[in-house]
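Biologist: Could you take me through the charged side chains in this model, one at a time, and show me how they sit within the rest of the chain? I'd love a close look at which of them are paired and which are not.

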Amino acid sequence: GRDEVLRQEGIDPDSALRELHVKDSEGTIHREMDAYILLMSRVPVLKPLAWLIGLPMIRPLLARLYHSWVDRRLSGQG
């Protein structure tokens with residue numbers, strides 16, 4: 001099923017639940033913040049936001065926030 005498809009793409013089905021995965025035009029898979037940046041950069045109005053998220057200062061911070069949010073959501077709180 002879906003898990004097999006994910007494995008063929010080199011994605012662990014468990015991490016697919018925890019992280020956003022996006023394939024770019026070259027077929028490269030981007031995960032987590034990279035995926036968000038890629039998605040946003042495709043939308044003209046969100047491009048500045050994609051740039052902002054990609055900044056060396058902002059990105060690690062957002063990645064941490066994202067992980068704590070995902071962990072909370074998966075543990076059934078929030």
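Modeller: Happy to! There are two salt bridges in the structure, and since this is a predicted model, please take each distance here as a computed value.

Let's begin with the pair at the start of the chain. E4 and R7 make a salt bridge, with 3.3 Å between their closest N and O atoms. Both residues belong to helix 1 (residues 2–8), and their spacing of three residues is about one turn of the helix. Neither partner falls in the buried class: E4 has a relative accessible area of 42%, so it is partly exposed, and R7 is partly exposed too because its relative accessibility is 48%.

The other pair joins R59 and D34, whose closest N and O atoms are 2.8 Å apart. Here the partners come from separate elements: R59 sits in helix 5 and D34 in helix 3 (residues 32–41), so this salt bridge ties together parts that are 25 residues apart in sequence. R59 counts as partly exposed because its relative accessibility is 30%, and D34 is also partly exposed, with a value of 30%.

Helix 3 deserves a longer stop. Its buried residues are E32, M33, A35, I37, L38 and M40. The cover over these buried residues includes strand 1, strand 2, helix 4 and helix 5. You will have spotted a charged residue in that list. E32, a member of helix 3, is buried but has no salt bridge. The nearest side chain of opposite charge is that of R31, 4.6 Å away, whereas a salt bridge needs a side-chain nitrogen of Lys or Arg within 4 Å of a carboxyl oxygen of Asp or Glu, so this pair is not counted as one. Leaving aside residues up to four places away in sequence, E32 touches E19, L20, Y66 and H67.

D24 makes a good companion to E32. You will find D24 in the loop that runs between strand 1 (21–23) and strand 2 (29–31). D24 is buried and lacks a salt bridge, and R42, its nearest side chain of opposite charge, is 6.3 Å away. The side chain of D24 does have a polar atom 2.9 Å from the backbone nitrogen of E26. Beyond residues up to four places away in sequence, D24 touches H30, L38 and R42. L38 links this loop residue to the previous stop, as L38 is among the buried residues of helix 3.

Next comes R18, which is placed in helix 2 (residues 13–18). R18 is partly exposed because its relative accessible area is 35%. With residues up to four places away in sequence set aside, R18 touches Y66, V70, D71 and L74. Y66 is a meeting point, since E32 touches Y66 as well. As for D71, it is 53 residues from R18 in sequence, yet their C-alpha atoms are 8.2 Å apart in space.

Not every part of the surface is about charge, so let me add the nonpolar side. V43, V45, L46, L49, W51 and L52 form a nonpolar patch on the surface, and together they have about 560 Å² of accessible area. One of them, L49, lies in helix 4 (residues 47–53), and L49 is partly exposed because its relative accessibility is 37%. A little further along, L55 occupies the loop between helix 4 and helix 5 (58–74). L55 is partly exposed as well, because its relative accessibility is 25%. L55 and E9 are 46 residues apart along the chain, and their C-alpha atoms are separated by 28 Å.

Finally, let's step back to see the whole chain around these residues. Its secondary structure consists of five helices and two strands, arranged along the sequence as α-α-β-β-α-α-α. The C-alpha trace spans about 35 × 35 × 20 Å along its principal axes. Of the 78 residues in the chain, 24% are buried, and E32 and D24 belong to that buried class. The accessible surface of the chain amounts to about 5,700 Å², and carbon and sulfur atoms contribute 60% of that surface. Among the contacts with a separation of 6 or more, 22% are between residues 24 or more positions apart.

Key: Residues numbered from 1 in each chain as written. Predicted model: local features only at pLDDT ≥ 70, side-chain atom pairs only at ≥ 80, totals over all residues. Heavy atoms only, no water. Helix = DSSP H or I, 4+ residues; strand = E, 2+ residues; numbered from the N terminus. Buried < 20%, exposed > 50% of the residue type's maximum accessible area, 1.4 Å probe, protein only. Lys, Arg positive; Asp, Glu negative; His and termini not counted. Polar contact = N/O pair within 3.5 Å; in protein donor to acceptor, adjacent residues only side chain to side chain. Contact = heavy atoms within 4.5 Å. Patch = residues over 30% accessible without salt bridge, like charges linked within 9 Å, V, L, I, M, F, W, Y side chains within 5 Å. Areas by Shrake-Rupley, 256 points an atom, 1.4 Å probe, with all protein chains shown as cover.
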